Amino acid sequence: MATLARRLPANVPGALFVDSSCIDCGACRWIAPASFDLVGSQSRVHAQPRDALQRARAAEALLSCPTASIGVARASGTAADDAADDAPPLHREVVAAAGRFPRPFAPRALHCGFHREASFGATSWLLLRPAGNVLIDVPRFTAPLVRRLEQQGGVRWLFLTHRDDVDGHAQFAAHFGCERLLHRGDHGAATAGVERLLDGDAPIELDDDLVALPTPGHTRGSTCLLARTPAGADPAIAPPLLFSGDHLAWDDATARPYGFRDACWHSWPQLIESTRRLVAHPFEWLLPGHGAPGRAPAAEMAARLRGAIAEMEQER
Ligand code: SF4
């Protein structure tokens, strides 16, 4: 729970604040960029949320924070702070946001919120499909979210993109009776109960509209999930989506994917090679485990991937 005693001095005056327990996972900054930014190695509130949308996003960020480092308090510690913020506290918005997750984000893809500390605040996504929903990586097992997942039709598959983001998988599997999928390269004691292990580096067809794309690099078993446009669907309404885990993230400044050079635990050359293979698989949305999602028409996305590869080559 965020506490005023640990309120970071970099926060602007007002009720919303970040405290010193922030681990710099970045979740608040992509969920509510109008309110949060980075100073040094921790997030802070750079502007108090004002309009309804900013307040809703700030409340979603608060609930998503894996370390509960975001707080709301009427009294922020000084008279000047209180005078600077005459907006009502966010409590009503926080309650509303708790009932909104998983919230629609991209066509067929919902942001689950409630990020976990053990996965360093990784994003979990829900892919809606008539043939059975797919939960990508693991959010916190909280009653409001679980209830809403049930209302969305439950979870048929739990797709684990890599070993870092598996914490809590058994609890979701036990509750939803879903099949868990993970690449054998990342299988270990923590994932002993996983039902389906994926092998090799070639694409693995899971269903007509779903393919697992092994992308070793960040870890040996890192695997992306490609959700193609379902047969008969209009690509404008159901564009192809790539859930990339920690293989690739999206840089909003350059509108280009990138790999985590400093957090590449297995092999940077393999990560580059895996990215090269991704170019053959069209997608319009990049939905990563960390940071903001990205979107571009498929041909444009492929061009940006090639640009990212050229840049990553220079970091060899
Ligand atoms: S979501 Fe929480 S832990 Fe992550 S950067 Fe924001 S305040 Fe820090």
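**Close-ups of a two-domain predicted model**

**Figure 1. The whole chain, seen as a globule.** A compact globule of 316 residues would have a radius of gyration near 20 Å, and this protein comes in at 20 Å, so the two agree. Keep in mind that what you're looking at is a predicted model. The C-alpha trace spans about 60 × 45 × 40 Å along its principal axes. Go through the secondary structure and you'll count 8 helices and 19 strands. Take the contacts with a sequence separation of 6 or more: 56% of them are between residues 24 or more positions apart.

**Figure 2. Inside, outside and charge.** Of the 316 residues, 55% are buried. The protein exposes about 12,700 Å², and carbon and sulfur atoms supply 55% of that area. As for charge, there are 32 positive side chains and 36 negative ones. The centres of those two sets sit 2 Å apart.

**Figure 3. Where the two domains meet.** Domain 1 covers 4-96, and domain 2 takes in 104-313. Their C-alpha centres lie 28 Å apart. On the domain 1 side, 11 residues make contact, and they touch 16 residues of domain 2.

**Figure 4. Glu93 in helix H4.** Here's an acidic side chain to zoom in on: Glu93, part of helix H4, which runs over residues 91-98. Is Glu93 buried or exposed? Its relative accessibility is 16%, so Glu93 counts as buried, the cut-off being under 20%. Setting aside neighbours within four places in sequence, Glu93 is in contact with Arg55 and Ala59.

**Figure 5. The cis bond ahead of Pro102.** Most peptide bonds are trans. The one from Phe101 to Pro102 is cis, with omega near 0°. To find the spot, follow the chain out of H4: Pro102 is in the loop between that helix and strand E5 (103-106).

**Figure 6. Phe120 and its positive phi.** Most residues other than glycine have a negative phi. Phe120 isn't a glycine, yet its phi is positive, at about 55°. Look for Phe120 in the loop that joins strand E6 (109-111) to strand E7 (125-127). How accessible is Phe120, then? With a relative accessible area of 40%, Phe120 is partly exposed, because that class falls between the 20% and 50% cut-offs.

**Figure 7. Asp137, another positive phi.** Asp137 also has a positive phi without being a glycine, here near 60°. The residue is in the loop between strand E8 (134-136) and helix H5 (143-151). Asp137 has a relative accessible area of 2%, so it counts as buried. Flip back to the Phe120 view and you'll see a partly exposed residue, whereas Asp137 is buried.

**Figure 8. Ala308 in helix H8.** For the last stop, go to helix H8 (residues 298-313), where Ala308 is found. With a relative accessible area of 1%, Ala308 is buried. Which residues does Ala308 touch, once its neighbours within four places in sequence are left aside? The partners are Arg256 and Pro257. If you'd like a yardstick across the model, try Gly185: Ala308 and Gly185 are 123 residues apart in sequence, and their C-alpha atoms are 25 Å apart in space.

Key:
Residues are numbered from 1 along each chain as its sequence is written. This is a predicted model: local features need pLDDT of at least 70, side-chain atom pairs count only at pLDDT 80 or more; totals for chains, interfaces and linings use all residues. Side-chain values use heavy atoms; hydrogens and water are left out. Helices (H or I, at least four residues) and strands (E, at least two) are DSSP runs, numbered from the N terminus. The radius of gyration is taken over C-alpha atoms; the globule rule is 2.2 Å times the number of residues to the power 0.38. Buried means under 20% relative accessible area, exposed over 50%, partly exposed in between (1.4 Å probe, protein chains only). Contact means heavy atoms within 4.5 Å. Accessible areas come from the Shrake-Rupley method with a 1.4 Å probe; for residues, only the protein chains shown count as cover. Lys and Arg count as positive and Asp and Glu as negative; His and the chain ends are not counted. The place of a charge is taken as NZ of Lys, CZ of Arg, CG of Asp or CD of Glu. Domain bounds come from an automatic or database domain assignment.
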